[in-house]
Every structure is written in C-alpha cells, then in structure tokens.
Amino acid sequence: MESNSNDNYVLVLEDRTEVKNEKEAGKLSVVSGIDDKGNLKTTEAAAANQAAFLKFNNKDGLLKNFMTNFLKQFNNPTHFGLYKVLADNVEQGVDNLRTMLQSREKPESNQQLAEIGVSFDDYLPQKKNTTAIDPEKVDWKMLDNLGLSRERLEQGGELEKMLNWQKTNLVTISVPIGDTTIYTEARLAFRTDDNGNIGLAIHPLRKEPQLDFPYMGYKFSPEEKEALLATGNLGKTIEVTPKNAEPFSAYVSIDPQTNEIIALRADRVNIPKEIKGVTLSDAQYKDLVEGKAVKVEGMTAKSGKSFNATLQVNAEKKGIEFIFDNNRGFKERQQQTQQQGVPHKLCGLELSEKQREALDSGRTLYLKNMVDKQGQPFNAYVRMDKEQNRPRFYKWNPDKKQETGKEKVVAVAEEHKTQVAVNNHGKTNEATKNVKEPLKTGQTQPTAAQKQKQDENKQKKSRGRKM
C-alpha cells in the first residue's frame, strides 16, 4: 500500500455523504480527471479502467493544481477523503483501503490511513490577518452599550476601516441615559490608551463646528473661522497644545460628517514632490506644505485619463485632499455628504430607528406606503448602496437571485411600476400617454373617466385637422 516516490499513484476518493454510521466506509472510486467546469470525474476502481485514471507523481506539481480545483468544487471537504494508491495495483490497493476504512478506529489502521491520505489542510488557503489591528485583541463587548455589534459593523462595511485605525462613516448608536435611550449618529474608531489597550473613540455628530471656543489652547480669529467654514481647511499650520502634552505644529480641518474640528501633526504628513505624474513647482510645493490650496493641472488618473484638481492638506483625511468642484463651497459639499446615507424619511415614509439600523447594517427591507412625487403610495424592496451611500429600490428581493442567476433590479414593486414611472419620471405607454392626472396606487390603465377624456380629446383633434 505504501507509495514509492518513483512510482505513479492514483487518488482514490471516499465519498461519505451517504454513509449511515462512522464505521461504514464511503463509496470508493478512482479520480479520472476534471472537466472544463472544474467538476471532478471518477471511475470504478478496476484494472480495466487504467487508461482513464488520472495519475500523479511526487516529483510533479499536478497534485497541487488538482487540490486547488477540488477544494473549489466541494463546499464541505470533510465529507470526502483522498488516498494515494499505486497505479499498477489499483484493485488490491482499494480492497486494502476499504478494510482500513472499516476499522479506522484501530490505531494501526488510523496510522496507515494518515500515511497514504492527502491532507486538505495542506492545500486550504491560509487565512492571514490583513488588518493593522488583530481582531482577537479587541474587546467586542464595549460595543454593547452603544447598541452595536461586530456583526453589524461588518455587514455595514465599517469593520475593516476600524481595524485599520480609520473612522467609520456615520452610524446610529444608542446611548442609555437613566430609564430612556437616546439615538444619535456618530463616527467610531479604535484607539489605544497609555497601556496599549484598544479602546473605542466616539465622534458624535455636532450641529455646527465649535469655532468660538479655544481648540487645544488655540483661539481662532474671525478670518480663520471664515476660512474653515468656507473650505473646510484652515489653509495654514498653527501651533496647538493638547492637554498634558507638548505643543506641536498642525494642519486643522473640519470633519464634514460630524462637524468636529480635527488636528493633524504637520511632521507626520509626507508631501511628495510628484503627484499623479505631475512634478510640482517649487512655489506649488511650498504652498502645499504651508497648508494652502494649490491648483494642479495635467495629472493622470489610474484609468490613464488626464485631470485637473485643487490640492490641499486635509487633517480629517490625514493627507492631501483632491477638490474637483472648486465652485462649490465646503458647506455645499458637506450638505451633500450629510444628505447621503440612511435617511430619516424615505419617499414620505418616516423610518423607525430599527428600520434605519437595519438598512445601515446592509439588510434589505420591504417598505410599504411610500409616496411618489405625485402623492400616490407604492411599495418596494429597499437596500443601501454602500458604494454610492444612498438607498436603492428593487422590484424583487435583491438578496435572492432570479432563475437566470442574475439579479434583476427594477425601480419598484411590479404592481406600482407603471404608476411610479408616470408620476415620478413622466414616462408613458400607449394606454397612459394622454392621461393628464396622476395615476392612482397600482394603476396601469386609464380609468373609465380618463378613457372618456382621451376619446373626447382624440375627437377634438380629429375635427381640428378636418377644418
């Protein structure tokens, strides 16, 4: 039974998906190949099938490629076993293998099976910690008091940001105060204390930036307040003094999501001389280092296209910010940012906190009695588009694939499709093109009164042409 490194061997597959007890051996067959779709092919372990066997040798790399495809095909490889058997003695080898499998509880059989078995663990992808923070070192219970969980942050696409020392987007948190609970929005981030323990930093949403109060010992002048409110960036470096710490030179910006004032140590910002294929002039580089806004033309995007933008150090972004629409002030850009995300009201329907939390965590909801632009109610599946940070409407549940295997996305539920198309988007079909009034809920055809008006209009137009 033992394979020799100089001899070819075949792989015998044990399929245990239909066995009734642990002692019973699964169905044994010899691997004969893999089809063009990656599906495994096997044949009966008979000498007459030698020509069909897929043969391996310890000196080649065929086994590694085979195992990669094998593990892609089988969702649960623990239901299967693979064993090496000499190619020129298949029938006897499989008989011996079956005997070992039927007595696998015996130490000698177990040892022999281990010697000829192919270990799946050697070929499974190795999970690597690709985040800056080891999740095992985080006390996830600290999220409980905020009504959050690791699972919810992961579903909402925010967990990876936190595990890389970044802040989340605005998320809804619950703050218990006495017998009541206050729901608000905040950005969250992991930070370490003096002992190196990982804690949670909460950056709550503020109504407006607190520019009238000293910030880390620095009082903003009227001109500096105006610059921050106009652009979101101070436009220069200042010296700030944290509590119980040494003063340092910093860039200062406003977080557009929370209105929090953010400082970034100037000595921790690396400003390159060349940006997106353009070498900055000495004057441009000097202005950028000092915190000023610099217009740069002819930069090259990843797509290869040329573009222009205004560059400026942004403390919240911890580096250089690319400003593409310089005609819009910070307030306008900020309003657009804050209007995105899970709204409190969707098409006239006031969302509960639980509904907003569900949408924020990536779940799909079927919402009823929303109202289109003409005041008519409609129903639809709703899910947040995380890339564009806005809600999307679906005709079918987007979590379930259609028979074609492709996800069909339509504006709204089927029974309200025509109604919303006409009322919201001004679209018509042959039946509704002459209807002037908004369609009612679920309406796809003109009413009797609307039909009569259509006929009357047609007759008037017809008489007009004859005259």
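## Reading a pocket and two cores

Trainee: In this predicted model, what makes up the lining of the second largest pocket by class?

Mentor: Ten nonpolar, two polar and six charged residues form that lining. The pocket itself has a volume of about 710 Å³, and among its 18 lining residues Arg191, Ile262, Ala263, Arg268 and Lys318 are the closest to its centre. Arg191, Arg268 and Lys318 count as charged, whereas Ile262 and Ala263 count as nonpolar, because the classes go by residue type.

Trainee: Which elements give two or more residues to this lining?

Mentor: They are strand E7 (180–192), strand E8 (198–204) and strand E11 (261–265), and E11 provides the largest share, with five residues.

Trainee: Why is Leu288 said to touch Tyr251?

Mentor: Touching here rests on heavy atoms within 4.5 Å, so Leu288 and Tyr251 are counted as a contact. Beyond four places in sequence, Leu288 also touches Ile271, Ile275, Leu280, Val294, Leu311, Gln312, Val313 and Ile320.

Trainee: What makes Leu288 part of a nonpolar core?

Mentor: A core member has to be a buried residue of a listed nonpolar type, joined through side-chain atoms within 4.5 Å, and Leu288 belongs to the largest such core, therefore Leu288 is buried. Within this core of 18 residues, Leu288, Val296, Met299 and Leu311 touch the most other members. E11, strand E14 (294–300) and strand E15 (306–314) each supply at least two of its residues, with the largest share, four residues, coming from E15. Apart from this core lies another of 17 residues, including Val12 and Leu101.

Definitions and conventions
Residues numbered from 1 in each chain as written. Predicted model: local features only at pLDDT ≥ 70, side-chain atom pairs only at ≥ 80, totals over all residues. Heavy atoms only, no water. 1 Å grid on protein atoms, 1.4 Å probe; cavity = no way out; pocket = protein on both sides within 12 Å on 5 of 7 lines; lining within 4 Å. Points joined across faces, edges and corners; volume = space filled by probe spheres on them. Buried < 20%, exposed > 50% of the residue type's maximum accessible area, 1.4 Å probe, protein only.
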